[in-house]
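Good morning, colleagues. Please take a moment to look at the sequence and the structure before I begin.

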Amino acid sequence: MARIALVTGGMGGLGEAICIKMAALGYQVVTTHSPGNTKAADWLAEMEGQGYKFKAYPCDVADYDSAQKCIQQITAELGPIDVLVNNAGITRDMTFKKMDKVNWDAVIKTNLDSVFNMTKPVADGMVERGWGRIINISSVNGQKGAFGQTNYSAAKAGMHGFTKALALEVARKGVTVNTISPGYIGTKMVMAIPSEVLESKIIPQIPMGRLGKPEEVAGLVAYLASDEAAFLTGANIAINGGQHMS
Ligand code: CAA
Ligand code: NAP
């Protein structure tokens, strides 16, 4: 039977590429969208038109109860989750001087609390079955910091602390936990950056001189999810065109 891969935020730029890649490799792909997302049905229809039959469930990953309900529903209807890709995320960029509590909390809850909320209801089952993959999508800005992103950099750095600690706890149980830290990838999240900032301050810092492609990140997710990657755990894999080397 096909392994089940759950990709949060699968209707976004990176998430869609990850869903497509995993489906092409034979996984049964399930995704989530925000409860208020009115375009979910259109996206599913568009994907079906391209030959991909995805399942999608509403879920506010920032909300613990919503996440538990979503995972219970997926498990009851489709079966246990083998691969969890914690991909949903947001930015609320502003200098620390302008940062208020609302924008701090929104980013921490959506990017970091979400990892706890979604991993909590799947991890025990993975351990019991003796196989599982948890892949957390962090960011180069969690590794190096970024102007205007105290909230986001903190959340993304926190994700990797979670990865390392959980990886230790489940290492003997066939479950791996890893972080991917992409650099700037051409999705709507990056296109929201003022173009003069992107052109003058960000692209010049990327030795390859270009944004990354969602498909390049999806390929790495697929590798981490595979049986070949069984010995790889607790890692933070950078994929950033040489922007930050650690
Ligand atoms: N480095 C240095 N200085 C910068 C800067 C940068 N990257 N960005 C802005 N500044 C400076 C401006 O030049 C300006 O300086 P002066 O006052 O001396 O003229 C000052 O900051 C502007 O400060 P303000 O508080 O007035 O800020 P603002 O309202 O104009 O906006 C900002 C500031 C929100 C940080 C805006 O510049 C911005 O959106 N920057 C992009 C932040 C970013 O990189 N976000 C990444 C989003 S993509 C993503 O997050 C995906 C991922 O994981 C990689
Ligand atoms: P995107 O196109 O904006 O997609 C973000 C996705 O997250 C959307 O599908 C959105 O779903 C979902 N989401 C946001 N808040 C949610 C919530 N509360 N509950 C459920 N889903 C929620 O962004 P992206 O560029 O693909 O980014 C995907 C991930 O990669 C993020 O974690 C981001 O931080 C990370 N990342 C991106 C880049 C980059 O350069 N693009 C670089 C490094 C890391 P709805 O539309 O349904 O709300």
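Which helices each supply at least two residues of the lining of the second largest pocket? They are helix 4 and helix 6, the latter spanning residues 150–170. I should say at once that this is a predicted model.

Let me stay with the pocket. Its space amounts to about 190 Å³. Helix 4 provides the largest share of the lining, six residues. The complete lining consists of Phe 116, Thr 119, Lys 120, Ala 123, Asp 124, Val 127, Phe 162, Leu 166, Glu 169 and Val 170. In terms of character, six of these residues are nonpolar, three are charged and one is polar.

I now turn to the sheet. It is open and built from seven strands, in the order 3-2-1-4-5-6-7, with parallel pairing. At the edges are strand 3, residues 55–58, and strand 7, residues 236–239, each of which pairs on one side only. On average, neighbouring strands are turned by 20° against each other, direction ignored.

How many bridges join strand 1 to strand 2? There are four, between residues 4–7 and residues 28–33, and the two strands run parallel. Within this pair, Ala 5 of strand 1 stands opposite Val 29 in strand 2.

Finally, helix 4 connects the two topics. This helix, residues 101–129, packs on the sheet and touches strands 1, 2, 4, 5 and 6. Its direction makes about 170° with that of strand 4, residues 83–86. Helix 4 thus appears both in the packing on the sheet and in the lining of the second largest pocket.

Note on methods: Residues are numbered from 1 along each chain as its sequence is written. Chains are lettered from A and ligands numbered from 1 in the order in which they are written. This is a predicted model: local features need pLDDT of at least 70, side-chain atom pairs count only at pLDDT 80 or more; totals for chains, interfaces and linings use all residues. Side-chain values use heavy atoms; hydrogens and water are left out. Two strands pair if DSSP finds at least two bridges between them. Axes are lines fitted to C-alpha atoms, for helices over the stretch in contact, and angles run from 0 to 180 degrees between N-to-C directions. Contact means heavy atoms within 4.5 Å. On a 1 Å grid over the protein atoms alone, a cavity is a set of points where a 1.4 Å probe fits but cannot get out, and a pocket is an open set with protein on both sides within 12 Å along at least five of seven lines; lining residues have an atom within 4 Å of a point. Grid points are joined across faces, edges and corners, and a volume is the space filled by probe spheres set on the points. Ala, Val, Leu, Ile, Met, Phe, Trp, Tyr, Cys and Pro count as nonpolar, Asp, Glu, Lys and Arg as charged, and the others, Gly among them, as polar.
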